[in-house]
Amino acid sequence: MREAGRIVAIAHEEMRQAIAPGVSTKRLDTIASSVLREHGAEPCFLGYAPGDHPPFPATITASINSELVHGIPSDSRILQAGDIIGLDVACFYQGMVGDAAFTHAVGEISRSAQRLLDSTSAALAAAIKASVLGNRISDVAKATAKTAGRAGYSVALQYTGHGVGYSMHEEPQVPNWWHSKKGQMQWQDYDLAVGMTYAIEPMLIAGRPDLEELDDGWTVVTKDGSLTAHFEHTVAICEDGPWILTLP
Ligand code: MG
């Protein structure tokens with residue numbers, strides 16, 4: 001998983017360097033797909049078709065501004081100065097998975113957009129810090145929710161992080177909030193244990209948390225058009241604290 005995560009990190013670094021006004025999201029996809037191929041890794045998203053989704057046609061998801069997650073790369077989606085772009089990549093390497101996502105500025109962005117990026121990154125850091133023995137999944141979720149709430153942002157309620165290892169989505173779900181009220185969405189809670197591996201992925205929303213999926217069967221956007229940001233790392237629970245597996 002560390003090797004898979006390292007390859008994902010290299011793909012992210014190469015895409016990050018290519019981000020500029022005028023670049024298409026398809027170009028970023030091509031860069032990531034080359035990195036994976038050069039390292040003998042396979043993309044997890046390409047052909048992925050859970051439920052009634054059509055097979056995903058690319059290596060990365062590229063989600064601009066009010067697109068929360070699952071944007072489909074395209075030659076006709078051209079980055080503009082002031083945009084923020086969320087990029088998500090996962091790969092299989094020797095049977096194991098690494099999964100990470102980051103949201104980047106395109107050229108100069110507004111202070112409010114930068115604050116959203118910083119807060120989402122801080123939410124991920126807080127959730128990783130909470131990924132220690134003695135805590136439970138609910139503590140990780142609450143760390144994300146608390147950081148988002150203090151900064152005045154909503155979190156995506158129905159999209160969660162996930163266990164990861166032999167496949168991209170395993171138990172447990174790692175939500176970005178936790179609520180015990182009756183009738184609310186519930187997830188199973190687990191004690192963290194040495195050897196657990198999961199992807200934590202805060203998705204913060206500047207406006208209301210109501211989302212919808214576009215007709216392409218994938219792209220998730222905010223209904224009110226508000227900005228969103230998404231950061232994700234794959235971590236392993238170890239005796240000495242969480243190891244981030246998706247660093248370079
Ligand atoms: Mg991911």
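**Notebook: strand pairing and helix packing**

I began with the hairpin region, where strand S7 (residues 161-163) and strand S8 (residues 170-174) run antiparallel and are joined by three bridges; I take helices (H or I, at least four residues) and strands (E, at least two) as DSSP runs, numbered from the N terminus, and I call two strands paired if DSSP finds at least two bridges between them. The model is a predicted one, in which local features need pLDDT of at least 70 and side-chain atom pairs count only at pLDDT 80 or more, while totals for chains, interfaces and linings use all residues. Residues are numbered from 1 along each chain as its sequence is written, and side-chain values use heavy atoms, with hydrogens and water left out.

I then looked up the register and found that Gly163 has Glu170 in S8 as its bridge partner, and that six residues lie between S7 and S8 in the hairpin that they form.

Next I followed the sheet outward: five strands form an open sheet in the order S8-S7-S9-S14-S15, with antiparallel pairing. Its edge strands, each pairing on one side only, are S8 and strand S15 (241-244). Neighbouring strands of this sheet are turned by 30° against each other on average, direction ignored; axes here are lines fitted to C-alpha atoms, for helices over the stretch in contact, and angles run from 0 to 180 degrees between N-to-C directions. Strand S14 (residues 233-238) is joined to S15 by four bridges and the two run antiparallel, with Ala236 opposite Trp243 in S15. Helix H4 (residues 137-150) packs on the sheet and touches S8 and strand S9 (197-200), its direction making about 40° with that of S8; contact means heavy atoms within 4.5 Å.

I turned to the helix pair H1 (residues 2-18) and H2 (residues 25-38), whose axes come within 9 Å and cross at roughly 150°. Ile7, Ile10, Ala11, Glu14, Met15 and Ala18 in H1 meet Leu28, Ile31, Ala32, Val35 and Leu36 in H2. I sorted the residues of this contact into ten nonpolar, no polar and one charged, counting Ala, Val, Leu, Ile, Met, Phe, Trp, Tyr, Cys and Pro as nonpolar, Asp, Glu, Lys and Arg as charged, and the others, Gly among them, as polar.

Last, I checked helix H3 (residues 111-129): at 1.5 Å a residue its 19 residues should span 27 Å, and its end C-alpha atoms are 26 Å apart, which agrees; the expected span is 1.5 Å times one less than the number of residues.
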